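Work through the two exercises below with the structure displayed, and compare each step of the solutions with what you see.

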Amino acid sequence: MSSPTQSITYQPEQVAPQTSWYALLLCLVPVVLVGSTVITYALNLPYWDDFQVQEHLLLLKSSTVSQKIAHFFDQHWEHRIIWTRLVFVLFAKINGTLNYYGLTLIGFIGLLVTLGILFAVFRRLRYPLLYFVPVPFLLVTLQSYESLIWAMAAVQNFWVLAFALGTFYWLAQNTSATRLLALGLAVFTTFSGGNGALVLIAGLFVLTYQRQWRFLIVWFVATVLSLAGYFYTYHRISFFPSPFRYPIIDWFKAFFVFLGAFANPSPNVGTSLLSAEATLGLTAALGVVVVGMAVLFLISVIRLFSTTRVDIATSFFLSCFLFLLATAVITVYSRVGFAGPGYLLQSRYRIYSALALSIVYLYSLHRWRTKSFLLRYVFGVLLISISHSLFANYLCLEGIVNQHRRVVAEYFNYVTNTPEKNQQDVHQLYVPTERPFFSHELTTLSSPKWWSAPTTITVDTVDEQPFMYTIAKADALNPSLSRPDDGSYIFFKSLSHTYLFAARPLRPSSIIQSGFTNYFSPIGFDAQVLKEKLAPGRYRIGILTNRNNRMYLAMTNRYVIFTSL
């Protein structure tokens, strides 16, 4: 027996194609700009979690079939990441070896799929293509620089969003076939990311709105079983800081900062553009706008629940708003303890602000269709989104370069601190094709002699913070956009370990007038040395300078002692 609500399901009329070449070209601008940047700066080198994923793949190779299936669901930090492991396994199987450059491009495709789903929703609204132009300028920017050229983050972060929106789009169709597809994808998404379970939970509310009572029971049972499976053998990461290190008011501020992070065009907080407090205030203000629009929408859905007809757009926006608001809540609770509200401005989280703004914009088109100010509103959003996006892309080239340099330095730490046998085992899966600038001097750089070498250089400041050391020097070589590997690196040397950390080059005081040729200041850096990367010990600090693949290592008389986090 069919559901009684199917008779009131919205059936869109056939829309005649309304394409304009200039609008299409505008839509392609951010895709081309960001895509070409990814192609230029991505590397076939693992970074951070990539090392753990490839080690897990070695475990899979030595497991039986039943063990392989179980290991796909193993916990990775706080998450289950079955999608990421599947991509890595299939890539290695098809290609013969892992290639982190190729994996990064696969991750970027996930961002384009997310954009494509939003376009599919936009087509349901029956507007000219020009009205869609703000969305790619909001969604595809270099503000996500960390995820853009970090293979595991790209595959994980962008594709989970694509799966979430794909689920919501299928669910919004309100047919038996698409509901089943949505349920299958929602369950898969649950085991593919830390916020994946929120897709199932949002689906419960959408089915209630659609008054699909029978399938609501099926979806509820699937949700309970999936959550039980997700948290089976789950263990909390004990060394992550408690959110109660900060007052509750900071939680609320972080919630709005998370959703309004797009307002900060810079890769850093407290630059010459705005102070740290002003940046947090601006992003929180935009977050208030996002939440305000979401609340108005949810109120209208509740108020008209029993009288309104079920339509695709409302179903989609309902699920998206619930997913984004819930994601903000769990991210704030799990991350605000690291460094307060400012931590939520991390590049890896900014895609959620961009997505939230895209949903708010598309919803406003849906809600204000008959308003006389709609055309002026669209052109206002068009102007602001394009100008802000291009400006943010220019500023976030700094983030791209710094992320590129971090990947290079991280690989140094891997090859100098990982036993040779372990590295040989990994060669079953990954054979590096990149030759970082330090490749021919690894033995020299890891030599114990640097612990007692003469002091030949100084740094201006070394400050210890709960999770890192910050180091600054006003007269040190910096990279350029065309030679990102050049410049200064922080060298940490103990009696048993050697580490390298990319210094962050300073920008000119007039960042807009610096252009691309003089993008970085000729000299001067500040650097962050994450304690979690270090083995316990006493370290002597040095500075490794690279210019055109010619290196010079100089040691300071500064030492730090690291015991544990």
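**Exercise 1: the hairpin and its sheet**

Strands β9 and β10 form a hairpin with 2 residues between them, and asparagine 548 in the turn has a positive phi of about 55°. The model is predicted, so that local features need pLDDT of at least 70 and side-chain atom pairs count only at pLDDT 80 or more, while totals for chains, interfaces and linings use all residues. Residues are numbered from 1 along each chain as its sequence is written, and side-chain values use heavy atoms, with hydrogens and water left out.

Task: Establish what order the strands take in the open sheet of 4 strands.

Solution. Begin with β9 (residues 537-547) and β10 (residues 550-562), strands being DSSP runs of E with at least two residues, numbered from the N terminus, which pair in the antiparallel sense over 10 bridges; pairing requires that DSSP finds at least two bridges between two strands. Within this pair, leucine 544 has leucine 553 in β10 as its bridge partner. Next, β5 (residues 487-493) pairs with β9, again antiparallel, over 7 bridges, and here lysine 493 stands opposite arginine 540 in β9. The resulting order is β6-β5-β9-β10, with antiparallel pairing, and the edge strands, each pairing on one side only, are β6 (498-502) and β10.

**Exercise 2: the cavity lining**

Task: Determine which residues line the largest cavity, and how many of them are nonpolar, polar or charged.Solution. Lining residues have an atom within 4 Å of a cavity point (on a 1 Å grid over the protein atoms alone, where a 1.4 Å probe fits but cannot get out), and they are Tyr411, Tyr414, Gln423, Val426, His427 and Tyr430. With Val and Tyr counted as nonpolar and Asp, Glu, Lys and Arg as charged, the lining has 4 nonpolar, 2 polar and no charged residues.

Methods
1 Å grid on protein atoms, 1.4 Å probe; cavity = no way out; pocket = protein on both sides within 12 Å on 5 of 7 lines; lining within 4 Å.
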